[in-house]
There are 2 protein chains.
Amino acid sequence: MGSNLYLGLVHHPIYDRRREIVATAVTNFDIHDIARCARTFGLGGFYMITPLESQVQLVNRVVHHWVEGYGSIYNPTRKESLSLVRVSRSIEETDREISNLWGKKVRRIATAATPHPKNISFATFRKLLEDKETPFLMLFGTGWGLVQKVKDGSDYVLDPIKGVGYNHLSVRSAVAIILDRLLGDRMIDSE
Amino acid sequence: MGSNLYLGLVHHPIYDRRREIVATAVTNFDIHDIARCARTFGLGGFYMITPLESQVQLVNRVVHHWVEGYGSIYNPTRKESLSLVRVSRSIEETDREISNLWGKKVRRIATAATPHPKNISFATFRKLLEDKETPFLMLFGTGWGLVQKVKDGSDYVLDPIKGVGYNHLSVRSAVAIILDRLLGDRMIDSE
């Protein structure tokens with residue numbers, strides 16, 4: 001269940017608050033919170049995407065601590081979740097890695113807090129995910145979000161989460177909500 | 001919508017990893033991520049519950065920075081969310097404050113990662129929340145979760161989020177998912 005879905009957290013190219021294209025720093029809370037969600041909902045993997053060598057090494061150090069180092073004894077549940085974390089230098093590299101693994105082109109879906117012409121609903125994407133022979137890479141932006149070109153170049157863009165006149169969730173909260181809507185126990189609605 | 005629902009993040013009494021009862025330190029990411037969720041889903045307020053004076057002051061300092069200080073100019077959307085944050089010394093004090101505000105006893109609901117005899121489903125709680133004349137306080141535990149006494153002493157305990165053989169979400173992710181299930185746009189299922 002859900003193992004044909006991969007998540008990519010993009011640190012470049014994304015916008016900053018002035019809509020300039022930048023590379024953001026890796027956040028430790030992103031690694032842990034999102035890896036735990038990925039494990040909870042049974043994803044195929046969680047890619048931290050950053051072109052910065054210092055950040056690549058930082059992620060590798062954190063993952064090593066929890067998967068093979070002292071952390072794996074201190075808290076084995078973190079080992080389970082952090083085992084899903086991979087590091088990649090670019091969206092294209094992530095794409096290639098998953099496509100090679102599956103021997104099939106990966107379908108790419110972007111997420112955003114605002115509408116996009118390529119928007120598909122949560123129900124539609126749930127349906128697409130039922131095709132277990134096809135891998136999907138779902139991209140989330142850090143900072144002020146994925147750049148337009150990444151959204152335009154994706155196969156799909158997922159509908160935004162609608163708040164009560166407020167659409168400024170943290171990327172960690174957005175990931176949690178979106179994975180639950182796609183893969184969570186739908187029994188909650190059948191009572 | 002949702003304004004009769006309040007959220008309390010409990011830093012004492014909660015369990016640590018050895019099941020000893022402790023007071024945890026406040027986490028900056030909890031304040032921001034949960035306040036942004038609270039604003040997104042239109043909650044009545046978000047209480048940081050801690051008996052430690054140093055932690056009370058820390059929360060007040062963070063909230064002041066974003067609501068009245070430089071942060072309110074730097075990022076006005078944080079002002080909107082952080083305005084919902086209150087600090088309280090205990091669950092009982094939180095209870096009293098909301099009950100006084102409403103002139104009516106607040107109903108208390110605990111959350112947990114494991115089942116409890118007082119469990120109610122998400123659908124049942126959504127139904128209860130439709131009674132807009134009654135305030136509800138939903139409690140989340142930090143550390144290794146709310147102590148047994150707090151769960152036993154609540155009016156209800158909400159069903160756990162079921163993962164694929166893994167129930168170790170961060171409290172931030174759990175809050176996001178639970179608020180979405182209770183107050184999120186249910187249209188996602190009608191297509």
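User: What makes both faces of strand 8 of chain A count as covered?

Analyst: In this predicted model, A:F136, A:M138 and A:F140 on one side and A:L137, A:L139 and A:G141 on the other are all buried. Buried means under 20% relative accessible area, exposed over 50% and partly exposed in between, with a 1.4 Å probe and protein chains only. In a regular strand the side chains alternate between the two faces of the sheet. Strands are DSSP runs of E with at least two residues, helices are runs of H or I with at least four, and both are numbered from the N terminus.

User: Why is strand 8 of chain A called largely enclosed?

Analyst: Because 6 of the 6 residues in strand 8 (residues 136–141) of chain A are buried.

User: How do you know which strands of chain A pair with strand 8?

Analyst: Two strands pair if DSSP finds at least two bridges between them. Strand 1 (residues 5–10) of chain A has 6 bridges to strand 8 of chain A, running parallel, and A:L9 has A:F140 as its bridge partner there. Strand 6 (residues 107–110) of chain A has 4 bridges to strand 8 of chain A, also parallel, with A:R108 partnered by A:L137. So both meet the rule of at least two bridges.

User: What makes strand 5 and strand 7 of chain B edge strands?

Analyst: The open sheet in chain B has 7 strands in the order 5-4-1-8-6-9-7, with parallel pairing. Strand 5 (85–88) and strand 7 (119–120) of chain B each have a single partner strand, so one side of each is left without a neighbour in the sheet.

User: Why is A:S72 called buried?

Analyst: Its relative accessibility is 14%, and buried means under 20%, so A:S72 counts as buried. A:S72 sits in helix 3 (residues 71–74) of chain A. Leaving out residues up to four places away in sequence, A:S72 touches A:H65, A:W66, A:V67 and A:K79, where contact means heavy atoms within 4.5 Å.

User: Is A:R19 buried or exposed, and what is unusual about its phi?

Analyst: A:R19 is exposed, since its relative accessible area is 54% and the cut-off for exposed is over 50%. A:R19 has a positive phi of about 65° although it is not a glycine. Most residues other than glycine have a negative phi, and most peptide bonds are trans. A:R19 lies in the loop between strand 2 and strand 3 (21–22) of chain A. In chain B, B:R19 likewise has a positive phi of about 65°.

User: Where is there a cis peptide bond in chain A?

Analyst: A cis bond joins A:H12 and A:P13, with omega about 0°. A:P13 is in the loop between strand 1 and strand 2 (14–15) of chain A.

User: How do you know that the two copies are related as by a two-fold rotation axis?

Analyst: A turn of 180° with a shift of 0.0 Å along the axis lays chain A on chain B with an RMSD of 0.0 Å. The two copies are thus related as by a two-fold rotation axis. In chain A, the C-alpha nearest that axis belongs to A:I177, 2.5 Å away. The copies are superposed by least squares on C-alpha atoms of residues with pLDDT of at least 70 in both.

User: What about the numbering and the confidence limits?

Analyst: Residues are numbered from 1 along each chain as its sequence is written, and chains are lettered from A and ligands numbered from 1 in the order in which they are written. Local features need pLDDT of at least 70, side-chain atom pairs count only at pLDDT 80 or more, and totals for chains, interfaces and linings use all residues, while side-chain values use heavy atoms, with hydrogens and water left out.
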